[in-house]
Amino acid sequence: MGNCLYPVKPSTSMDKNISQFTFEDFWNYSYEENDFYQSLEDLEMLDSAAPCHSCSLLDDSSLPFFILSSVLGVLTSVALLFALLRPLFHWQLCPGRPLLAQLTVGSALFSIVVPILSPGLNSAHSTILCHVGSWVWYSSAFAQALVIGSHACLGPKLGASQIPGLTLGLTVGIWGVAALLGLPITLASDSLCPLVSRRGVGVLQSIHSVICFAIFTVLPLCLLGVKGLKKALGRGPGPWVNILWIWFIFWWPHGVVLGFDYLVRSRVLLLTTCLAQKVLDLMVHLAEAMAIVHCMATPLILALYCHQATRTSLPSMSLPARGSSHLDPFGSKC
């Protein structure tokens, strides 16, 4: 997946300039050593200023990866959504089904727009479609992160039977905030469709980088910190940490690398070697590839969560039934 670009040979210009230093030039400059060495230093600067080409993992040759991820993501998301809305195998006992359905919808929306932003098909789409695809791409990801965070913080209070209207209000709030957070990258003045090409130092790109770093990287770290602090102080269990947190593994590198890349492009951090720049470009592509893979992994994670939650809830519900069955004979005798 991906091809390395043909690097420009930086030594061509240097060899051409060095060839100009004939024997006569050396004889003329032999008495002016400072000028001669200064010319050599200028040639070294030209060599170091040659363009640094990186290996592109997500180029036109990666189109099958985008299409396969989209198809599998849509199929698994639709199957899981059907199982949640029409419960099978006691899945009606799965706690927090409305929030799990939101995660499934977010994964399905992400899977649908993956081909729109693929490098192999970007020339066939209009600019408006590309911007809409970018908005859905990141808004669905932000919504999923916020849903998992709210589920970790609120926990059992999310049951509609305990607090009526809380689930509906939380749903509207989460998706509204996610839609607003996805606007900066959508309104960015960039007509190119692939997300990798949207790396820049503009105001909207800066806001987008900060949002991604906060949602994908800082949010899970803060929740883990609060849980550890409460456990150390003995003030309750803190946020819930369960199998749903595997979702952050696919997006956490994206937030870190995108924030670091912005610092480099804004010249807050300087990369002195071409190798360091190549490594950074490679990490950006790998982080985006992991983010794309999440649309296939999320339905599997949700299915495993429902399976575990259903197995733990079935024994607790069978105990009252057993108790009432033992009390019925005595009641009938009385």
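This is a walk through the structure, from its overall layout down to a handful of residues.

Keep in mind from the start that we're looking at a predicted model. The protein has eleven helices and two strands. Read from the N terminus, the elements go β-α-α-α-β-α-α-α-α-α-α-α-α. Of its 334 residues, 37% count as buried. Now look at the contacts between residues at least 6 apart in sequence: 79% of them join residues at least 24 apart. On the outside, the protein exposes about 18700 Å², with carbon and sulfur atoms supplying 70% of that area.

Let's head inside. The largest nonpolar core has 51 residues, and those with the most contacts inside it are L100, W137, F142, F216, L244 and W251. Which elements give two or more residues to this core? They are α4 (63–85), α5 (97–113), α6 (127–154), α7 (166–181), α9, α10 (247–265) and α11 (274–333). The largest share, ten residues, comes from α6. There's another core lying apart from this one; it has five residues, including V257, V264, L280 and V284.

Two of those contributing helices are worth a look in their own right. Start with α4: at 1.5 Å a residue, its 23 residues should span 33 Å, and the end C-alpha atoms are indeed 33 Å apart. Its buried residues include L63, F66, S69, S70, G73, S77, L80, A83 and L84. When you read a list like that, remember that an α-helix has 3.6 residues a turn, so residues three or four places apart point the same way.

Then there's α5. Its 17 residues should span 24 Å at 1.5 Å a residue, and its end C-alpha atoms are 25 Å apart, which agrees. Twelve of those 17 residues are buried, so α5 is largely enclosed by the rest of the structure. The buried ones are L99, L100, A101, Q102, L103, T104, G106, S107, A108, F110, S111 and V113. L100, you'll recall, is also one of the residues with the most contacts inside the largest core.

Where do we find a link between α4 and the end of α5? Try S70, which sits in helix α4. With a relative accessibility of 7%, S70 counts as buried because the cut-off is under 20%. Leaving out residues up to four places away in sequence, S70 touches S111, I112, V114 and P115. The C-alpha atoms of S70 and I112 are separated by 6.1 Å, although the two residues are 42 apart along the chain. The side chain of S70 also reaches the backbone oxygen of S111, at 2.6 Å.

A serine in α6 has a comparable story to tell. S139 lies in that helix and is buried, with a relative accessible area of 7%. Which backbone oxygen does the side chain of S139 reach? It's the one of A178, at 3.3 Å. Residues up to four places away aside, S139 touches A178, A179 and G182.

Next stop, T217 in helix α9 (residues 203–233). T217 is buried as well, with a relative accessible area of 3%. A polar atom of its side chain lies 3.4 Å from the backbone oxygen of W252, and the backbone nitrogen of V256 lies 3.4 Å from a polar atom of the T217 side chain too. Beyond its neighbours within four places in sequence, T217 is in contact with C212, W252, G255 and V256.

Follow the chain on to the loop between α10 and α11 and you come to R267. Most residues other than glycine have a negative phi. R267 has a positive phi of about 65° although it is not a glycine. Is R267 buried or exposed? It's exposed, with a relative accessible area of 66%.

Finally, the cysteines. How many disulfides does a search of the whole structure find? Zero. As for where individual cysteines sit, C222 counts as partly exposed, at 43% relative accessibility, whereas C306 is buried, with a relative accessible area of 1%.

Definitions and conventions:
Residues numbered from 1 in each chain as written. Predicted model: local features only at pLDDT ≥ 70, side-chain atom pairs only at ≥ 80, totals over all residues. Heavy atoms only, no water. Helix = DSSP H or I, 4+ residues; strand = E, 2+ residues; numbered from the N terminus. Buried < 20%, exposed > 50% of the residue type's maximum accessible area, 1.4 Å probe, protein only. Polar contact = N/O pair within 3.5 Å; in protein donor to acceptor, adjacent residues only side chain to side chain. Contact = heavy atoms within 4.5 Å. Areas by Shrake-Rupley, 256 points an atom, 1.4 Å probe, with all protein chains shown as cover. Disulfide = S-S within 2.5 Å. Core = buried A, V, L, I, M, F, W, Y, C linked by side-chain atoms within 4.5 Å. Expected span 1.5 Å × (residues − 1).
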